[in-house]
Amino acid sequence: QVQLAESGGGLVEPGGSLRLSCAASGSKFSVNDMGWYRQIPGNERELVASRRTSGTANYANYAQGRFYIHRDNAKNTMYLQMNRLKPEDTAVYYCWAEVYHNGDNRAIYWGQGIQVTVSS
């Protein structure tokens, strides 16, 4: 099994910044892809950004140019730098990881979710 430890959420004023962190831990696994999803009350969970271990990154349109995703592959840690935050960014953010156990057994893991609130 893999555990995803999230940190970095909280309350910030519009225009401010936050950095979310997610560390994957366990044994006998390798990470192929990691990312962040978010869920606004009343809406479906949606992809914010992801980055494959190979380096390819994907961003939602609202995140492009404001949010930056970084992977430390050696530490199995992922960071989401969020800049120029807006009230509409308020949501619960979830760490997500695609991993392989014993070489070819694919599994998806989710973090518990952390609250990000953008308000004055």
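Rings of Phe, Tyr and Trp (its six-membered ring) pair if their centres lie within 6.5 Å; planes under 30 degrees apart count as stacked, over 60 as edge-to-face and the rest as tilted. The model is predicted, so local features need pLDDT of at least 70 and side-chain atom pairs count only at pLDDT 80 or more, while totals for chains, interfaces and linings use all residues. Residues are numbered from 1 along each chain as its sequence is written, and side-chain values use heavy atoms, with hydrogens and water left out.

**Exercise 1.** Find how many aromatic pairs the rule gives, and describe them.

*Solution.*
Step 1. The count comes to 2 aromatic pairs.

Step 2. Take Tyr37 and Trp96: their ring centres are 6.0 Å apart and their planes stand at 65 degrees, so this pair is edge-to-face.

Step 3. Now place them in the chain. Tyr37 belongs to strand β4 (residues 29–39) and Trp96 to strand β9 (residues 91–101), so the pair ties together parts 59 residues apart in sequence. Strands (E, at least two residues) are DSSP runs, numbered from the N terminus.

Step 4. Turn to Tyr37 and Trp110. With centres 5.1 Å apart and planes at 65 degrees, this pair is edge-to-face. Trp110 lies in strand β10 (residues 105–110), 73 residues from Tyr37.

Step 5. Put the pairs together: Tyr37, Trp96 and Trp110 form a cluster linked by ring pairs.

**Exercise 2.** Decide whether Tyr37, Trp96 and Trp110 are buried or partly exposed.

*Solution.*
Step 1. Recall the cut-offs: buried means under 20% relative accessible area, exposed over 50%, and partly exposed in between (1.4 Å probe, protein chains only).

Step 2. Tyr37 and Trp96 are both buried.

Step 3. Trp110 has a relative accessible area of 40%, so Trp110 is partly exposed.

**Exercise 3.** Locate the disulfide and work out which parts of the chain the cysteines tie together.

*Solution.*
Step 1. A disulfide is a pair of cysteine sulfur atoms within 2.5 Å. Searching the whole structure gives 1 disulfide.

Step 2. The partners are Cys22 and Cys95, with S to S at 2.0 Å. The angle about the S-S bond is -80 degrees, and the link is left-handed.

Step 3. Cys22 sits in strand β3 (residues 18–26) and Cys95 in strand β9, so parts 73 residues apart in sequence are tied together.

Step 4. Check the surroundings: Cys22 has a relative accessible area of 1%, so Cys22 is buried. Cys95, at 0% relative accessibility, counts as buried.

Note on methods: Helices (H or I, at least four residues) and strands (E, at least two) are DSSP runs, numbered from the N terminus.
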